[in-house]
Amino acid sequence: MIFTRKSITKILYLLLSFINGISTNKQEKKEKFESLDKLEFQAKKEQFNVQKEISRLKDFKYETQQQLREIKSANIFLTNRVDNQEERIHILESILQQFKGIGPNGATPAFYAYMTKDENNPGVGHTLIYDNVIVNFGNSYNHSSGRFTAPTPGVYIFSYSTIPSSNSDIPTEIVKNQEVIGATYSNNRYHYTSTSSSTVVVSMTAGDVCFVRTSKFNTPSGSVYSRNDGRTSFSGWLQFYVE
């Protein structure tokens with residue numbers, strides 16, 4: 001085969017094109033590999049960052065849970081402490097009320113009253129009415145019924161005195177609700193006057209009543225004396241509050 005100059009030139013051109021193509025493919029492959037390496041590195045970096053963030057969030061979750069447990073523990077402690085303080089305050093207030101002799105509403109019931117005139121011929125079990133009220137703190141004594149009604153629970157002191165008229169026998173009782181808690185006997189015979197008095201200490205709850213009456217067991221005779229020179233009287237007060 002005879003190669004002409006023109007054919008040789010064409011062959012050389014094709015050979016150079018082939019060589020350049022191979023070179024170009026190698027370069028492209030290299031660039032692709034480098035690009036893949038970069039992507040892989042970037043992916044690994046992102047994965048590392050994600051794992052780091054997950055670890056940080058786990059640590060934060062643990063710390064938060066630990067703080068929450070501490071807060072709950074502190075809350076229980078403070079709640080118990082507040083309850084204890086409230087109980088102590090309640091006890092101290094109760095003690096203070098006892099020393100002051102007052103109830104929770106601040107009232108200090110106390111009264112003193114006497115009869116303005118004689119009580120003529122009282123029958124058996126007759127409630128004595130001390131109609132002239134000198135002191136009535138808390139308005140617990142009723143001058144119409146002769147009854148004292150306890151406004152608050154506590155220990156109360158009551159005192160009463162009875163003067164008999166001439167030729168009279170006056171047995172009396174002091175009563176809490178329906179229970180006799182004290183009794184006296186006074187008479188005035190043969191120019192001798194026996195004035196009786198009694199003081200009682202009694203525990204009462206709110207709503208309990210206390211009053212003085214003639215005896216239900218001994219029949220009175222004559223009259224109860226109460227004038228300027230001597231008064232038949234009744235008094236009482238709350239000594240101290242009891243819850």
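Before I show anything, one definition: I call a residue buried when its relative accessible area is under 20%. With that cut-off in hand, let me begin with strand E11, in which six of the six residues are buried, so this strand is largely enclosed by the rest of the structure. Please keep in mind throughout that what we are looking at is a predicted model.

Let me step back to the overall picture for a moment. The secondary structure of the protein comes to one helix and 13 strands, and, read from the N terminus, the helix precedes the strands, in the order α-β-β-β-β-β-β-β-β-β-β-β-β-β. Of the 243 residues, 30% count as buried, while the protein exposes about 16700 Å², of which carbon and sulfur atoms supply 56%. If we take the contacts with a separation of 6 or more, 71% of them are between residues 24 or more positions apart.

Back to E11, then, and its two sides. In a regular strand the side chains alternate between the two faces of the sheet. In E11, Val 209, Phe 211 and Arg 213 point one way, Cys 210, Val 212 and Thr 214 point the other way, and all of them are buried. As for its partners, strand E5, residues 147-149, runs antiparallel to E11 and is joined to it by two bridges, with Thr 149 standing opposite Val 209. Strand E7 is also antiparallel to E11, here through five bridges, and in that pairing Ile 174 stands opposite Val 212.

Two residues of E11 deserve a comment of their own. For Phe 211, the charged end of Arg 147 sits over the ring, 4.2 Å from its centre. The other is Arg 213: is this arginine buried or exposed? Its relative accessibility is 6%, and because the cut-off is 20%, Arg 213 counts as buried. What does Arg 213 touch, leaving aside its neighbours within four places in sequence? Its contacts are Gly 125, His 126, Thr 127 and Leu 128, then Pro 171, Thr 172, Glu 173 and Val 175, and finally Val 180. The C-alpha atoms of Arg 213 and Val 124 are separated by 8.3 Å, although these two residues are 89 residues apart along the chain.

The second strand I would like to discuss is E6, residues 154-164, where 10 of the 11 residues are buried, so that this strand, too, is largely enclosed by the rest of the structure. E6 is joined to strand E10, residues 196-204, by nine bridges in the antiparallel sense, and there Thr 162 stands opposite Ser 196. Eight bridges join E6 to strand E13, residues 233-241, again antiparallel, with Tyr 160 opposite Phe 234. There is also an antiparallel pairing over two bridges with strand E12, residues 223-225, in which Ile 163 faces Tyr 225 as its opposite residue.

Now to the nonpolar core. In soluble globular proteins, nonpolar side chains tend to be buried together. Here, the largest nonpolar core has 21 residues, and those with the most contacts inside it are Tyr 130, Tyr 156, Phe 158, Ile 174 and Phe 234. The elements that give two or more residues to this core are E1, E6, E7, E10, E11 and E13. Taking Tyr 130 as an example, and not counting residues up to four places away in sequence, its contacts include Ala 113, Tyr 114 and Met 115, as well as Tyr 141, Val 212 and Phe 234.

That brings me to the aromatic residues. A search of the whole structure finds 11 aromatic pairs. In one of these pairs, Phe 111 and Tyr 141, the ring centres are 4.8 Å apart and the planes are at 0°, so the pair is stacked. Phe 111 lies in strand E1, residues 110-114, and Tyr 141 in strand E4, residues 141-142, so this pair ties together parts that are 30 residues apart in sequence. Phe 111, at 3% relative accessibility, counts as buried, and Tyr 141, with a relative accessible area of 4%, is buried as well. Phe 111 and Tyr 141 also belong to one aromatic cluster, together with Tyr 130, Phe 148, Tyr 156, Phe 158 and Phe 234.

To close, I would return to the strand I started from: E11 has six of its six residues buried, and E11 is also among the elements that give two or more residues to the largest nonpolar core.

Definitions and conventions. Residues are numbered from 1 along each chain as its sequence is written. This is a predicted model: local features need pLDDT of at least 70, side-chain atom pairs count only at pLDDT 80 or more; totals for chains, interfaces and linings use all residues. Side-chain values use heavy atoms; hydrogens and water are left out. Buried means under 20% relative accessible area, exposed over 50%, partly exposed in between (1.4 Å probe, protein chains only). Helices (H or I, at least four residues) and strands (E, at least two) are DSSP runs, numbered from the N terminus. Two strands pair if DSSP finds at least two bridges between them. Rings of Phe, Tyr and Trp (its six-membered ring) pair if their centres lie within 6.5 Å; planes under 30 degrees apart count as stacked, over 60 as edge-to-face and the rest as tilted. A charge sits over a ring if NZ of Lys or CZ of Arg is within 6 Å of the ring centre and within 35 degrees of the ring normal. A nonpolar core is a set of buried Ala, Val, Leu, Ile, Met, Phe, Trp, Tyr and Cys residues joined through side-chain atoms within 4.5 Å. Contact means heavy atoms within 4.5 Å. Accessible areas come from the Shrake-Rupley method with a 1.4 Å probe; for residues, only the protein chains shown count as cover.
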